[in-house]
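Visitor: Please take one strand of this model and go through it closely, with its burial and its pairing partners.

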Amino acid sequence: MNDADVSRQIQQMVRFILQEAEEKANEISVSAEEEFNIEKLQLVEAEKKKIRQEYERKAKQVEIRRKIEYSMQLNASRIKVLQAQDDLVNSMKEAAGKELLRVCDDTNGYKMLLKGLIVQSLLRLKEPAVLLRCREIDLGPVESVLGEAKQEYADKAKVHVPKVTIDNLVYLPPPPTSVDSHSLSCSGGVVLASQDGKIVCENTLDARLDVVFRQKLPEIRKLLFGQIVA
């Protein structure tokens, strides 16, 4: 084998090695690119997942805040409605209280009312001796009907006529005035108590209004607002 043949064989071996190296390099490049694309896709999907999770988390927070704000607004609206209803009911009670003052304008009618209240109180107490309190301005009317009231009670209860002592030291508060609406006041009526003070029957017009108003409050609310509110 001469030098030319050796040279050709060497050239062929070099070309073969270069071809093999190029093919191997191409394979490595393709494989690396595929791995890169796969890893890139995985990273992209992972980031997308994070973004979706973050979006869902923030969306839930927004929804929770929206529900909380809606609930707060709803509760505030309900409180305003209830407050407005209470204000209306209280204004009606105040108006009824003012109407009570007119009861005393009818002198004879008010005397009969006082008599009835005294008899009713005596029937509730059923005591042989009681203490009676009234407004100072009602002292005269009370004294004028007390005898009849005691006798009526005795007839109804079938007992002896009770001893009723009018308290001339402590009177019920005077009628309300527009000048001082916050001071203690009484629209009329009487308060009777046992001698030891353990049993008290408050039969003032104000107390009667309170009792009737509490009893009729569900009906009043139903008439005003269309439903019974506890």
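Guide: A residue is called buried here if its relative accessible area is under 20%, exposed if over 50%, and partly exposed in between, with a 1.4 Å probe and protein chains only. The model is a predicted one, in which local features need pLDDT of at least 70 and side-chain atom pairs count only at pLDDT 80 or more, while totals for chains, interfaces and linings use all residues. Residues are numbered from 1 along each chain as its sequence is written, and side-chain values use heavy atoms, with hydrogens and water left out.

The strand chosen is β3, residues 189–194, where a strand is a DSSP run of E with at least two residues, numbered from the N terminus. Strand β3 is mostly covered, since six of its six residues are buried. In a regular strand the side chains alternate between the two faces of the sheet. Both faces of β3 are covered, with G189, V191 and A193 buried on one side and V190, L192 and S194 buried on the other.

Two strands are said to pair if DSSP finds at least two bridges between them. Strand β1, residues 129–133, pairs with β3 in the antiparallel sense over four bridges, and within that pairing A193 of β3 is the bridge partner of L131. Strand β4, residues 200–204, also pairs with β3 in the antiparallel sense, over five bridges, and here V190 stands opposite N203 of β4. The hairpin formed by β3 and β4 has five residues between the strands, and in this hairpin G197 takes a positive phi near 75°.
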